[in-house]
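Work through these exercises with the structure at hand. Try each task before reading its solution.

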Amino acid sequence: MLLLERTSQHQLVYGNEVIVFSVRRQPTRTVQRVAIHVEPDGRVLVDAPDTAPLVDVLEAVKKRSRWISHHLEAAKARLAHVLPREYVSGESLHYLGRRYRLRVVVNPDAKVEARMRGAFITVTVPEHDPEAIRAALDHWYRQRARELFAARIAAVAAPLRWVKHSPPTRLQFMTVQWGSCSPSGRITLNPLLVKAPRECIDYVLLHELCHLLHHNHSSKFYSVLDRHMPNWRVVKEKLDNMAEEMFRA
């Protein structure tokens, strides 16, 4: 029988600040301790064993209030300078960790398309419509991601003994996640990940492939991750630090 993860919402007061966090109960979690994460977008996630009393979980979060507050401030500072796109020529875009410039070409007789040309990603539209430009870019990123991810999954999975064949995958635009792995073994990847450097892409792919062996964030999971990418923490931090820019709409 499949044991599903359960999530509940809570909050605590730290000085003049209200910290909102989610507690995720993981029936398969073998590590009997509470793990606290502050995501790049400012979400606070608390992983706890299914058997841990709620009062103990809340007390553990309370003891880390100062640490959580510090990391929330850092997340807010990173988000403060990230402005919504206007989809005009000159705006900065990313692909495989490199910076490109958006060039918008208005041609009433042309079809909508996006192409990389030198240091520019050029979008051609019949009229200057931000939504049409965004849709063209999304389509372009999705096409690039489909080709690249297929090749990189094969390369990353090659030395993993538990991966007997390429797992089913799908692409889905997400606002705060790079990827996920379902209990049935299907991997979902965010096409926007193709904006990141290759090492960051490989880290996310390896992370999800490791979930095929351990569908949790237990010590066994991290042990496997350590074995196949010893520097994954450095790579993850690099990806986290650029997440706001990568997700920017």
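**Exercise 1.** Determine how α4 passes α5: left-handed or right-handed?

*Solution.* Step 1: locate the helices, which are DSSP runs of H or I with at least four residues, numbered from the N terminus, while strands are E runs of at least two. Step 2: apply the rule that a crossing is left-handed if the near helix is turned anticlockwise from the far one by less than a right angle, and right-handed if clockwise. The crossing of α4 with α5 is right-handed.

This is a predicted model, where local features need pLDDT of at least 70 and side-chain atom pairs count only at pLDDT 80 or more, while totals for chains, interfaces and linings use all residues. Residues are numbered from 1 along each chain as its sequence is written, and side-chain values use heavy atoms, with hydrogens and water left out.

**Exercise 2.** Find the residues through which α4 and α5 meet, and sort them by class.

*Solution.* Step 1: look for contacts (heavy atoms within 4.5 Å). From α4 come Y203, L206, H207 and C210; from α5 come F221, V224, L225 and H228. Step 2: sort them. Ala, Val, Leu, Ile, Met, Phe, Trp, Tyr, Cys and Pro count as nonpolar, Asp, Glu, Lys and Arg as charged, and the others, Gly among them, as polar. The contact of α4 with α5 has six nonpolar, two polar and no charged residues.

**Exercise 3.** Place H214 and decide whether H214 is buried or exposed.

*Solution.* Step 1: H214 sits in the loop between α4 (198–210) and α5 (219–228). Step 2: use the cut-offs: buried is under 20% relative accessible area, exposed over 50%, partly exposed in between (1.4 Å probe, protein chains only). H214 counts as buried because its relative accessibility is 18%. Step 3: leave aside neighbours within four places in sequence. H214 then contacts K220, F221 and V224.

**Exercise 4.** Which residues touch the most other members of the largest nonpolar core?

*Solution.* Step 1: recall that such a core is a set of buried Ala, Val, Leu, Ile, Met, Phe, Trp, Tyr and Cys residues joined through side-chain atoms within 4.5 Å. Step 2: among the 53 residues of the largest one, the answer is F149, W178 and L239. Step 3: helix α3 (residues 130–157) supplies the largest share of this core, twelve residues.

**Exercise 5.** Describe phi, place and burial for Y87.

*Solution.* Step 1: Y87 is not a glycine, yet its phi is positive, near 60 degrees. Step 2: Y87 lies in the loop between α2 (65–80) and β5 (92–95). Step 3: its relative accessible area is 8%, so Y87 is buried.
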